Structure formats: C-alpha cells, structure tokens
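Reader: I am new to this structure. Please take me through one part of it, the largest nonpolar core.

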Amino acid sequence: DICSIGLYPEGTRNRGEGLLPFHNASLKIATKAGVPVVVTSLKGTDKVRNFNPFVRKDIYINVCKVFPAEEVKDAPTAGLSYDIRKVLCEDLGFPFDEDKSEE
C-alpha cells in the first residue's frame with residue numbers, strides 16, 4: 001500500500017547548462033495524492049558515458065528540501081513547480097530563470 005515514485009519534471013535528458021522548463025502536470029500525482037514531495041538533485045551523472053562495470057563513477061544524491069503533504073495538497077502545480085525549480089537551481093548553482101518555470 002506504500003510506494004515511492006521518482007519523477008524528472010524536465011521530461012527529457014538535459015546535456016546543457018541549467019535546467020530545462022518543467023512540465024507542471026508531472027506534479028499532479030503528488031497534489032492529488034496529498035503526499036510530501038522530496039526534492040533531490042543528482043550530481044556526477046555527466047561522467048557516466050557508456051555502461052562499463054569496470055570503471056567506477058561516483059554519483060551523489062542530495063536531498064534538497066521536503067515539501068510537507070499539507071503544503072503539496074493545497075498548492076497549484078504551477079506554484080509547486082516554481083518552488084521546486086528554485087530549490088534545484090540554488091542547489092546545483094544554476095541561475096534561477098523565472099521565464100523557464102512557466103511552461
């Protein structure tokens with residue numbers, strides 16, 4: 001009866017600098033279920049090129065912020081997406097571009 005779901009709100013791989021626009025609808029699952037959202041960032045994935053089990057690569061997962069269930073349940077998806085994008089940009093050291101959070 002309990003499961004966790006991982007989502008990437010950009011909706012595709014990003015090989016550039018910065019974050020791509022988020023798809024706000026991806027957060028509907030959390031708002032309808034009324035569950036907390038745990039915002040995490042991945043660092044070091046750019047060093048993984050091809051699958052090679054003999055070459056070690058370090059990947060770091062950072063828990064940036066937890067949005068409580070009460071806050072998620074009452075939030076519009078666009079507002080929640082905006083807040084998550086802001087937290088991720090701050091953690092990853094990217095400039096926060098408000099124009100890209102509106103897609």
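Author: Here is a close look at that core, with one contrasting residue at the end.

This is a predicted model, in which local features need pLDDT of at least 70 and side-chain atom pairs count only at pLDDT 80 or more, while totals for chains, interfaces and linings use all residues. Residues are numbered from 1 along each chain as its sequence is written, and side-chain values use heavy atoms, with hydrogens and water left out.

A nonpolar core is a set of buried Ala, Val, Leu, Ile, Met, Phe, Trp, Tyr and Cys residues joined through side-chain atoms within 4.5 Å. Buried means under 20% relative accessible area, exposed over 50%, partly exposed in between (1.4 Å probe, protein chains only).

The largest core has 13 residues. Those touching the most other members are Val37, Val39, Phe67, Val72, Leu80, Ile84 and Leu88. Strand 1 (37–43) and helix 3 (77–92) each give two or more residues. Helix 3 gives the most, with five. Helices (H or I, at least four residues) and strands (E, at least two) are DSSP runs, numbered from the N terminus.

Now take Phe67. Contact means heavy atoms within 4.5 Å. Neighbours within four places in sequence aside, Phe67 contacts Pro36, Val37, Val39, Val72, Leu80, Asp83, Ile84 and Val87.

Val87 leads to the contrast. Asn14 is 73 residues from Val87 in sequence and 18 Å away in space, C-alpha to C-alpha. Asn14 sits in the segment before helix 1 (28–33). Asn14 counts as partly exposed because its relative accessibility is 27%. With neighbours within four places in sequence left aside, Asn14 contacts Leu19 and Leu20.
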